[in-house]
Amino acid sequence: MKKMISMITLGFSLLSMSHAVQAAKATYEIQFKNHWNKADHVAFPDNAHFSPIVAVAHTEKFQLFSLGNLATPGFEDLAELGRTGKILTEIEAAMKKGKISTVQVSEALYPKRDGNDLSMRITVTADHDLISFASMIAPSPDWIVGVDALDTFKDGKFIDAAEFELFAINGGTEEGDFAGNFSISNSPTEPREPISTLDHIPGLTEAFASVKIVKIK
Ligand SMILES: [Ca+2]
C-alpha cells in the first residue's frame, strides 16, 4: 500500500511538471506588410486589398492550409471571397478537440486607403506552438498569402523572430490563375486541385506581401 502511495505521488509530480511546461507561453506580433503594386503585379486595382487575416496557434494535428493538400470548404470561402465565417466554424471545431489554442482575426488591409502595414498579436504555448495564418489577395480568383505552421518552440525555448516573403498561393478551387486576373468570377476548378504556388507564373513571380513574426513577450 505504501508503495502505491509513492507511485501516485510520483505520478502527480510528473503531471505537475508537464503542466508547468504547458503553461510556458509567448506572444508574437505578426507584422504584415503589403508589396502589391502595379509595376510588379501587372495591375493594382483601386479596391486591391488583403482580406481579414485569420491566424491560429495550433498543434501538428491541425492544418489551416498546406501546399499539396486540398482546401477545406472554409479555406475555399476565404481564398475566393475573403469570407471568414466558415473557416472560423472549422477552427472552433478544432479548438474543441484541443488542436487549436487561440484564433485571431485582423481587419482587412486596403493599401491605397490604409497604407502598407498591419499588425496583430497571437499567443502561443509550448504545446500549441505552431502559428499559421492566411489572407485572401483580393480581388483574385482564389489566391491567398499565408504561413503554414511556423514552429515557434524549438529546443525548449520560443524563437525570437521569423521573416517570410509571401508569394501568391493558389487555393485550387477556381480557374483563372494568370497574372493580372483580378476577377472573382471564374469557373470552378473541377475536380479541385491541391493548394499550390503561383510564383512560377510570369507576372506573379514577385511577393505580394511580407511578414515578420516577432516575440514581444
Ligand atoms: Ca485557382
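Which residue in S13 is the bridge partner of Ala162? In this predicted model, the partner of Ala162 is Ile213. The pair belongs to the ladder between S10 and S13, two antiparallel strands joined by six bridges.

**The open sheet**

Four strands make up an open sheet with antiparallel pairing, and their order is S5-S1-S13-S10. Strand S5 (117-125) and strand S10 (161-166) each have a single partner strand and stand at the edges, so one side of each is left without a neighbour in the sheet. From one strand to the next, the twist averages 20°.

Strand S1 (residues 25-34) pairs with strand S13 (residues 209-215) over seven bridges, again in the antiparallel sense. Two of the residue pairs can be named: Glu29 has Val214 of S13 as its bridge partner, and Phe32 is matched with Val211 of S13. S13 is thus bridged to S1 and also to S10, where Ala162 faces Ile213 as bridge partner. In general, side chains in a regular strand alternate between the two faces of the sheet.

**The nonpolar core**

The largest nonpolar core holds 47 residues, and the members that touch the most others are Ile131, Ile137 and Ile144. Strand S6 (residues 130-138) gives the most to this core, contributing seven residues. Such grouping can be set against a general tendency: in soluble globular proteins, nonpolar side chains tend to be buried together.

Ile137 shows how contacts reach across the sequence. With neighbours within four places in sequence left aside, Ile137 is in contact with Phe50, Trp143, Ile144, Val145, Ala168 and Phe208. One of these contacts, Ile144, is itself named with Ile137 among the residues that touch the most other core members.

**Backbone features in loops**

Four loop residues deserve attention for their backbone geometry. Two are prolines that follow a cis peptide bond, and two are non-glycine residues with positive phi.

| Feature | Residues | Angle |
|---|---|---|
| Cis peptide bond | Ala138 to Pro139 | omega about -5° |
| Cis peptide bond | Glu190 to Pro191 | omega near -10° |
| Positive phi, not a glycine | Val42 | phi about 70° |
| Positive phi, not a glycine | Asp155 | phi near 50° |

Pro139 lies in the loop between S6 and strand S7 (143-151). Pro191 is placed in the loop that runs between strand S11 (169-170) and strand S12 (196-197).

Val42 sits in the loop between helix H2 (38-41) and strand S2 (49-50). Since 14 other C-beta atoms lie within 10 Å, Val42 is partly exposed. Asp155 occupies the loop between strand S8 (153-154) and strand S9 (157-158). Here the count inside 10 Å is 5 C-beta neighbours, and Asp155 therefore counts as exposed. The cut-off behind both assignments is that 12 or fewer such atoms make a residue exposed, while 20 or more make it buried.

**Confidence of the model**

The average pLDDT of the protein is 92, and 89% of the residues score at least 70. Residues 1-13 form a stretch in which pLDDT stays under 50. For residues 1-13, the model has zero contacts beyond four places in sequence.

Terms used: Residues are numbered from 1 along each chain as its sequence is written. This is a predicted model: local features need pLDDT of at least 70, side-chain atom pairs count only at pLDDT 80 or more; totals for chains, interfaces and linings use all residues. Two strands pair if DSSP finds at least two bridges between them. Axes are lines fitted to C-alpha atoms, for helices over the stretch in contact, and angles run from 0 to 180 degrees between N-to-C directions. A nonpolar core is a set of buried Ala, Val, Leu, Ile, Met, Phe, Trp, Tyr and Cys residues joined through C-beta atoms within 7 Å. Two residues are in contact if their C-beta atoms, placed from the backbone, lie within 7 Å. pLDDT is the predictor's confidence in each residue, from 0 to 100.
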